[in-house]
Amino acid sequence: MKKLAVITGANRGLGRSLVQEFSASGWNVIAITRSPEVLKARAGSTDVLKVQLDVRFEPGPELAEALNGRPVDLLINNAVQGAPHAELGTIRADGVLNAVDVNVAGPLRLVQFLLPNLLEAPDPIIINVSSRLGSLDAQSNRDFSCLSTSYAYKISKAAQNMLTVSLAQDLHGRIRCWAVHPGKLATAMGQTDASKDPRSAARQMRELVDSGDRASPRFCSLGEQDLHW
Ligand SMILES: NC(=O)c1ccc[n+]([C@@H]2O[C@H](COP(=O)([O-])OP(=O)(O)OC[C@H]3O[C@@H](n4cnc5c(N)ncnc54)[C@H](OP(=O)(O)O)[C@@H]3O)[C@@H](O)[C@H]2O)c1
């Protein structure tokens, strides 16, 4: 039987490439998009079901119907809310809260909704697509001081990393929980020097899933070393 992956933020950027990579590799995929545009997955593919959901809201009957009671082998929380860098005096607190809603509470809502389905799978994995910019260790060492990154993004990605750790503690290895930095991607939200093709990041993500790594929690950069939390 084919494995089932649920992927958020699926209609562009890394999310779209993940849908294409996993469906082309023999997985069934539930592709979650917040907008009703046509998902450019494999043309004519019956392996990809599209569900419309803004992750700031609780999942509902549309996702339940797509799941149809099936075990979920892999959840990839990829959807992201960024924010432009701003001077301290002009940062809007509601922008920070919105990023936390999408990037932290969103993944938590998906995990809660899918938990029974994840626990039905023999060896399930939750991947929260993180960022090296969410590393408290690296940021406190000023490793990225040359980059203009918003408070909203840094704070929400650090909090998302703590969500990954908390889930791993709670789930005791029954569901492996990983925070994965995909690299500097040439996507809408990538930095100006970002050049990595999201398709190559998606392939590396699939290889990571296939690797059978038992670590949980884990914070790593695709194709590179583990990162410091
Ligand atoms: N790009 C990079 O260089 C880079 C570096 C490090 C980490 N990452 C991480 O990689 C992941 C993917 O990034 P990306 O570059 O592919 O981003 P992207 O091209 O900006 O795509 C973001 C996706 O998230 C969706 N989204 C935003 N808000 C949502 C909401 N409230 N509910 C549901 N979906 C929502 C968007 O949907 P719409 O199309 O409807 O807007 C879009 O599909 C993110 O977690 C990001 O933090 C990226």
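**Burial, strand pairing, salt bridges and ligand contacts**

K2 has a relative accessibility of 38% and therefore counts as partly exposed, the class between buried (under 20% relative accessible area) and exposed (over 50%), computed with a 1.4 Å probe and protein chains only. The model is predicted, and local features need pLDDT of at least 70, side-chain atom pairs count only at pLDDT 80 or more, and totals for chains, interfaces and linings use all residues. Residues are numbered from 1 along each chain as its sequence is written, and side-chain values use heavy atoms, with hydrogens and water left out.

The side chain of K2 forms a salt bridge with that of D47, at 3.1 Å from N to O; the term denotes a side-chain nitrogen of Lys or Arg within 4 Å of a carboxyl oxygen of Asp or Glu. This pair connects distant parts of the chain, K2 being in the segment before strand 1 (4-8) and D47 in the loop between strand 2 (28-33) and strand 3 (48-52), 45 residues apart. Strands (E, at least two residues) and helices (H or I, at least four) are DSSP runs numbered from the N terminus. Unlike K2, which is partly exposed at 38%, D47 is buried because its relative accessible area is 13%. D47 also lies 9.0 Å from A24, C-alpha to C-alpha, with their positions 23 residues apart in sequence. A24 belongs to helix 1 (residues 13-24) and, at 53% relative accessibility, counts as exposed.

In total, the structure contains 13 salt bridges. Among them is the pair D101 and R109, whose side chains meet at 2.8 Å, N to O. D101 is partly exposed because its relative accessibility is 22%, and R109 is buried because its value is 15%. Another salt bridge joins R218 to D226, with the closest N and O atoms 2.7 Å apart. Here R218 is buried, with a relative accessible area of 14%, while D226 has a relative accessibility of 42% and so counts as partly exposed. In addition, E21, R206 and D210 are joined into one network by salt bridges that share partners.

Strand 2 is largely enclosed by the rest of the structure, because six of its six residues are buried. N28, I30 and I32 point one way from the strand, V29, A31 and T33 point the other way, and all are buried. Strand 1 and strand 2 run parallel and are joined by five bridges; pairing requires at least two DSSP bridges between two strands. Within this pair, T8 is opposite I32 of strand 2. T33, also a residue of strand 2, counts as buried because its relative accessibility is 1%. T33 and F219 are separated by 186 residues in sequence and by 25 Å in space, C-alpha to C-alpha.

Strand 5 (residues 125-129) is likewise largely enclosed by the rest of the structure, since five of its five residues are buried. Both of its faces are covered, with I125, I127 and V129 buried on one side and I126 and N128 buried on the other. Strand 5 pairs with strand 4 (residues 74-77) in the parallel sense over four bridges. I76 stands opposite I127 of strand 5.

The ligand has 29 residues around it, of which R12, L14, S35, Y153 and T187 come nearest; a residue is near when one of its heavy atoms lies within 4 Å. Pairs of N or O atoms were taken as polar contacts within 3.5 Å. An oxygen atom of the ligand lies 2.7 Å from a polar side-chain atom of R12. For Y153, a side-chain N or O atom is 2.6 Å from a ligand oxygen. L185 approaches through its backbone, an N or O atom of which lies 2.8 Å from an oxygen atom of the ligand. Taken alone, the ligand exposes 910 Å², and the protein buries 95% of that area. Accessible areas come from the Shrake-Rupley method with a 1.4 Å probe.

I155 lies in helix 5 (residues 151-171). With a relative accessibility of 39%, I155 counts as partly exposed.

Definitions and conventions:
Polar contact = N/O pair within 3.5 Å; in protein donor to acceptor, adjacent residues only side chain to side chain.
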